[in-house]
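Colleague: Could you take me slowly through a single part of this model, the charged side chains and the helix they belong to? I would like one connected account rather than a list.

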Amino acid sequence: MGICRKGMMLGIILIAGALDQLSGKGDMLRSAAIGFYMAQEAVSLAGNAAHFGVPLPGNLKNALHLLKTANHF
């Protein structure tokens, strides 16, 4: 499932880049998509690090706990 998810990410970034080229207004959509996925991967990396016992700052631990326990719509 992980490889499929990464492929979907790449596909969305490629589509965003194509839409940027069609609009002719720079790289706004592509940059937004890349920024979103970078943030998502950073949260995942921090969560995995905490799971394996890597010491993390208290604020980051609290944020990860809030994300983990948040109700999803």
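Modeller: Arg30 is partly exposed in this predicted model, its relative accessible area being 33%, and Arg30 forms a salt bridge with Asp27 in which the closest N and O atoms are 3.0 Å apart. Asp27 is likewise classed as partly exposed, with a relative accessible area of 43%.

Arg30 also matters for the reading of Asp20, a residue found in helix H1. Asp20 is buried and yet has no salt bridge, the nearest side chain of opposite charge being that of Arg30 at 5.2 Å; because a salt bridge requires the nitrogen and the carboxyl oxygen to lie within 4 Å, that separation does not qualify. Leaving aside residues up to four places away in sequence, Asp20 touches Lys25, Gly26, Asp27, Met28, Leu29 and Arg30, and the residue Gly24, just after H1, takes a positive phi of about 70 degrees.

As for the helix itself, H1 runs over residues 2–23, and its 22 residues should span 32 Å at 1.5 Å a residue, which agrees with the 32 Å that separates its end C-alpha atoms. Besides Asp20, the buried residues of H1 are Met9, Ile13, Ala16 and Gly17. They cover an arc of only 100 degrees around the axis, which puts them on the same side of H1. An α-helix has 3.6 residues a turn, so residues three or four places apart point the same way. What covers the buried residues of H1 includes helix H2, residues 28–51, whereas the face turned away from the buried side carries the exposed residues Ile3, Cys4, Met8, Leu14, Ile15, Gln21 and Leu22.

A search of the whole structure finds 2 salt bridges, and besides the one between Arg30 and Asp27 there is a salt bridge between Lys6 and Glu41, whose closest N and O atoms are 2.9 Å apart. This pair links distant parts of the chain, with Lys6 in helix H1 and Glu41 in helix H2, 35 residues apart. Lys6 is partly exposed at a relative accessible area of 41%, and Glu41, at 32% relative accessibility, also counts as partly exposed.

Methods:
Residues are numbered from 1 along each chain as its sequence is written. This is a predicted model: local features need pLDDT of at least 70, side-chain atom pairs count only at pLDDT 80 or more; totals for chains, interfaces and linings use all residues. Side-chain values use heavy atoms; hydrogens and water are left out. Helices (H or I, at least four residues) and strands (E, at least two) are DSSP runs, numbered from the N terminus. The expected span of a helix is 1.5 Å times one less than its number of residues. Buried means under 20% relative accessible area, exposed over 50%, partly exposed in between (1.4 Å probe, protein chains only). The arc is that of the directions from the helix axis to the C-beta atoms. Contact means heavy atoms within 4.5 Å. Lys and Arg count as positive and Asp and Glu as negative; His and the chain ends are not counted.
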